[in-house]
Amino acid sequence: MRVVIAEDLALLRDGLTRLLQAYDFEVVAAVDNAELLLEALREHEADIAVVDVRMPPTFTDEGLRAAIQARVERPGFPVLVLSQYVEQLYARELLSSGDGGVGYLLKDRVADVSSFVEAVRAVAGGGTVLDPEVVSTLIARAQPDSPISKLTEREREVLGLMAEGRSNAAIASQLFVTEKAISKHTSTIFMKLGLFQDDDDNRRVLAVLTYLQH
Amino acid sequence: MSATTLIAQPSHGESFAVGLRRRVVLTGLSLVYVLLAVPALALLCILTTSLGVAVVGVGLVLLLVFVPLNQQLANVHRTLSSRILGAPIERPYLRPAAAGGLGLLRSWALDPARWRDFAWTWMSVTIGWALSWISLGLGLGVIWYLVFPFVYWITPEGTFDTNYGLFKLDTQGEAFLEWILLAVALFIWWKLEPVLMRWRAELDRSMLAPSRETLQRRVVEVSQSRAESIDHSAAELRRIERDLHDGAQARLVALGMNLGMAEEMLAHDPEGAARMLAEARAVTTSALGDLRSVVRGIHPPVLADRGLVGALQALALDMSLPVSVMISLPGRPAEPVESAVYFATTELLANIGKHARATRAVVSLSHDGAVLRVVVEDDGVGGAEVGAGSGLTGVARRLGAFDGTMEVISPVGGPTVVTMEVPCALSSPKISPSSGTD
C-alpha cells in the first residue's frame with residue numbers, strides 16, 4: 001500500500017515512516033508542508049495520505065485544508081488526519097468533504113501501533129475512523145430526552161466504538177465478547193435510535209455519526 | 001478622527017497659495033459652524049424644556065431622544081475643531097453603567113461630560129455663534145468688495161451709489177475704487193480669520209474635551225485594571241506551572257521508571273517487560289492528555305487556527321447543550337482581545353452548563369465599528385449574580401484589562417442575558433480558511 005506522509009516535525013515524520021514501513025506500507029513521499037503534500041499526491045499514485053493538521057507556513061490548520069483540497073481534486077481519496085488535539089468542528093469539515101476514506105485521530109493513538117495501523121488500512125479501504133475523544137463528546141452532547149439516554153451502558157459503549165469506525169469483530173475483541181453478542185447489541189441500538197440497520201460497516205458509521213451530529 | 005492638518009496655524013515656510021487655501025477652508029468652516037448653530041439652537045430649546053418638565057414623564061422621553069442627538073452634534077464639532085487645532089479631541093463620555101431607559105438617564109445624569117455638552121450647546125449658540133459669524137463676515141467682506149464693481153454694473157443706476165461724505169461714489173469708474181477697501185478687507189481677513197477660527201475651536205475643545213477629573217479617574221481605572229491583570233497573569237502562570245509539575249512532568253518521570261524497569265526485566269522476564277512497556281505507553285497517552293489541557297488553558301489551538309469566530313463555533317460544538325452561534329464580524333479583533341473574549345465566553349457557557357439548567361443557549365457576536373459586543377443568552381433558571389467567588393467576577397476582570405464591560409440581566413426564573421462589550425478595532429478581513437462544507 002502506497003502512503004504519503006505530511007508532518008513538519010522531522011522526529012515524528014521519521015517515526016511514522018519507520019512505523020508504517022515496518023508494517024509493509026510503501027512510503028512514497030514524506031513531506032513537511034501542505035503544498036508539497038498536494039504536489040506529492042499529484043505525482044504519486046498514493047493509496048492514502050497521513051497528514052498532520054498544523055504545518056508551515058502559518059502553523060494553523062493548513063494540513064486539514066490540504067486534506068480537504070486533496071479530496072476535492074480526487075473525490076473519495078483516503079486521508080488520515082493526525083493532530084495534537086481534536087476539534088468537533090474539524091471532524092465535521094472532514095466528514096462533509098465526501099463519503100468515506102476519512103480518518104481523524106489524536107497523534108497519541110499512534111502509540112497503540114496495531115490499532116493505528118488498522119486505522120490506516122481501514123481509511124485506505126474507504127472506511128471512516130474517528131478519534132474516541134470526538135465520539136465521546138458527541139455522545140455526551142445527547143440531550144436528556146434523546147433516545148440515546150434509553151441505551152444501556154454497554155450499548156452506549158458499542159455505539160461509541162461503532163462511531164469510531166470499528167467493525168463488529170474489532171468491537172468484540174475490544175470488549176472481550178463474541179461477535180454475535182455485538183451484532184445483537186448493534187441491532188438493539190439501531191432499533192432504539194430508529195435507524196435503518198445496515199450491514200455495510202462504512203454506511204453504518206456514517207448513519208451513526210449523522211445521528212449524533214444532527 | 002483625522003487631526004493631522006493644523007489648519008489654524010501656518011505651517012513652517014508656508015507658500016502664499018497654501019496660506020490662501022488654508023484661509024478659504026477656514027472661511028468655509030465658519031459657514032458650517034454658523035449653519036450648525038441652527039440644530040444647536042433647536043436642541044438647546046428642547047433640552048432645556050425637557051429638563052424643566054423632567055418630573056412629568058414626557059420630559060424624560062424627550063431627553064432619551066435628544067441627549068444622544070446633542071452628543072452627535074458635539075461629536076461633529078469635536079471632529080471639525082480637532083481638524084482646525086491639529087490635535088484630536090477625545091470623547092469624554094462614561095460608558096453607561098446600566099441599560100434600559102431609566103438606567104441610561106441615571107448614567108447620563110451622573111456623567112459630567114453630558115452636562116458639559118449641555119453647557120457647550122449654550123456656548124455654541126451665543127459666543128460661539130458670534131465668533132463664527134464674524135469669521136464668516138470677514139470672508140464675505142472680501143467677496144463683497146471684490147465683486148462690487150460688477151454688482152454696480154449690473155444693477156440699475158444709483159442702487160449702489162455710496163456717500164462717503166467727502167466723496168460720493170456714483171459712476172462705474174469710481175466703483176473700481178472700492179478695490180482699495182478690498183485690500184483692507186483682504187488684510188483683515190488674512191490676519192484675523194485664522195485667529196478667530198482658532199478661538200472658536202479652542203472654545204469647543206475647552207468644553208468638549210475630557211476634563212482633568214475625567215482623565216484622573218481614567219488613570220486610576222487603568223492602574224487598577226493593570227494591577228488586576230498582572231495579578232491575574234501571575235496567578236495563571238502559577239497554575240500552569242503547577243499543572244505541568246503535577247501532570248506531564250510527573251508522568252514523564254513515571255514513564256522513565258517504567259522503561260527502566262522494562263529494560264531490567266527484558267533478559268529474565270520478557271513477559272513482565274512487555275507489561276511494563278504497555279504501561280509506559282498508557283502513561284505517554286495520559287501525559288499528552290495533560291499537556292493538551294494545559295495548552296487549551298493557555299491559548300486554545302482552534303483560536304490560533306481560526307480566530308474568534310471559528311473558536312466560538314468549535315466551542316459551541318463541544319458544549320453538552322445546543323448552542324447556536326450568530327456572528328456578524330467584518331474582520332478580526334486583535335489577538336489578546338480574541339483570547340479574552342473567548343475565555344470569557346467559555347466561562348459563561350460553562351456556568352450555563354453547571355448552574356442554569358438551560359435547554360439551549362445563543363451566543364451572538366457583532367461589532368458596531370468601535371465596540372465588539374458578545375451576547376450570551378440562555379433559557380435557564382436565572383438568578384446569576386456578579387459577586388465574590390462568582391465566575392462572572394473573573395470574566396468582568398478579564399474584560400476590564402481591555403476597558404471591556406459586562407452586564408448581567410438574570411431575573412430569578414430566567415432567562416439570563418449577559419452582554420460583554422470590548423472597545424476595539426477590527427483588522428481587515430482575513431481570507432477565511434476553506435471549510436469542508438464549501
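The following numbered points describe a predicted model with two chains, A and B.

1. Overall composition of chain A. Chain A contains 10 helices and 6 strands. Of its 214 residues, 44% are buried. Among contacts in chain A with a separation of 6 or more, 61% are between residues 24 or more positions apart.

2. Overall composition of chain B. Chain B has 438 residues, of which 28% count as buried. Its secondary structure amounts to 12 helices and 7 strands. For contacts in chain B with a separation of 6 or more, the share held by residues 24 or more positions apart is 72%.

3. The parallel pair at the start of chain A. Strand β1 (residues 2-6) of chain A runs parallel to strand β2 (residues 26-31) of chain A, and 5 bridges join the two. Within this pairing, A6(A) is placed opposite V31(A) of β2(A). Helix α1 (residues 10-22) of chain A, taken together with β1(A) and β2(A), forms a β-α-β unit that is right-handed.

4. The loop between β3 and α3 of chain A. Two backbone features deserve inspection here. The peptide bond between P56(A) and P57(A) is cis, with omega at about 5°; P57(A) belongs to the loop between β3 (48-52) and α3 of chain A. The second feature is at F59(A), which is not a glycine yet has a positive phi of about 55°. F59(A) is likewise placed in the loop between β3 and α3 of chain A. How buried or exposed is F59(A)? F59(A) has 13 C-beta neighbours inside 10 Å and therefore counts as partly exposed, since a residue is exposed at 12 or fewer and buried at 20 or more.

5. The positive phi at F176(A). Phi of F176(A) is near 55°, a positive value, and the residue is other than glycine. F176(A) is found in the loop between α8 (168-175) and α9 (179-193) of chain A. Because F176(A) has 6 other C-beta atoms within 10 Å, it is exposed.

6. The contact between the chains. Chain A contributes 19 residues to the contact and chain B contributes 21 residues. On the side of chain A that touches chain B, α3 (62-73), α4 (88-95) and α6 (132-140) of chain A each provide at least two residues. Which of these elements gives the most? With 4 residues, α4(A) does. By class, this side of chain A comprises 6 nonpolar, 6 polar and 7 charged residues.

7. Helix α1 of chain B: span and kink. Helix α1 (residues 16-52) of chain B has 37 residues, so at 1.5 Å a residue it should span 54 Å. The distance between its end C-alpha atoms is 52 Å, which agrees. The helix nevertheless has a kink of about 25° at V38(B), and the proline P39(B) follows shortly after that position.

8. Helix α1 of chain B: burial. The buried residues of α1(B) are R22(B), R23(B), L26(B), T27(B), L29(B), S30(B), Y33(B), A37(B), A40(B), L43(B) and L47(B). What covers these buried residues? The cover includes α2 (57-85), α4 (112-125), α5 (127-154) and α7 (178-208) of chain B.

9. A left-handed crossover in chain B. Strand β3 (residues 323-328) of chain B pairs with strand β4 (residues 361-367) of chain B over 6 bridges, in the parallel sense. S328(B) has S366(B) in β4(B) as its bridge partner. Helix α11 (residues 335-356) of chain B completes a β-α-β unit with β3(B) and β4(B), and this unit is left-handed. For comparison, the unit of β1(A), α1(A) and β2(A) in point 3 is right-handed. A reader examining the model may wish to view both units.

10. T359(B), in the loop before β4 of chain B. T359(B) is located in the loop between α11 and β4 of chain B. With 13 other C-beta atoms within 10 Å, T359(B) is partly exposed. Which residues does T359(B) contact, leaving aside its neighbours within four places in sequence? The contacts are with L321(B) and D379(B). Although T359(B) and D379(B) are 20 residues apart along the chain, their C-alpha atoms are separated by 6.6 Å.

Technical notes
Residues numbered from 1 in each chain as written. Chains lettered and ligands numbered in written order. Predicted model: local features only at pLDDT ≥ 70, side-chain atom pairs only at ≥ 80, totals over all residues. Expected span 1.5 Å × (residues − 1). Bend = angle between axes of the 7 residues up to and from the residue. Contact = placed C-beta atoms within 7 Å. Pairing = 2+ DSSP bridges. Right-handed = clockwise from strand over helix to strand, strands pointing away. Nonpolar A, V, L, I, M, F, W, Y, C, P; charged D, E, K, R; others polar.
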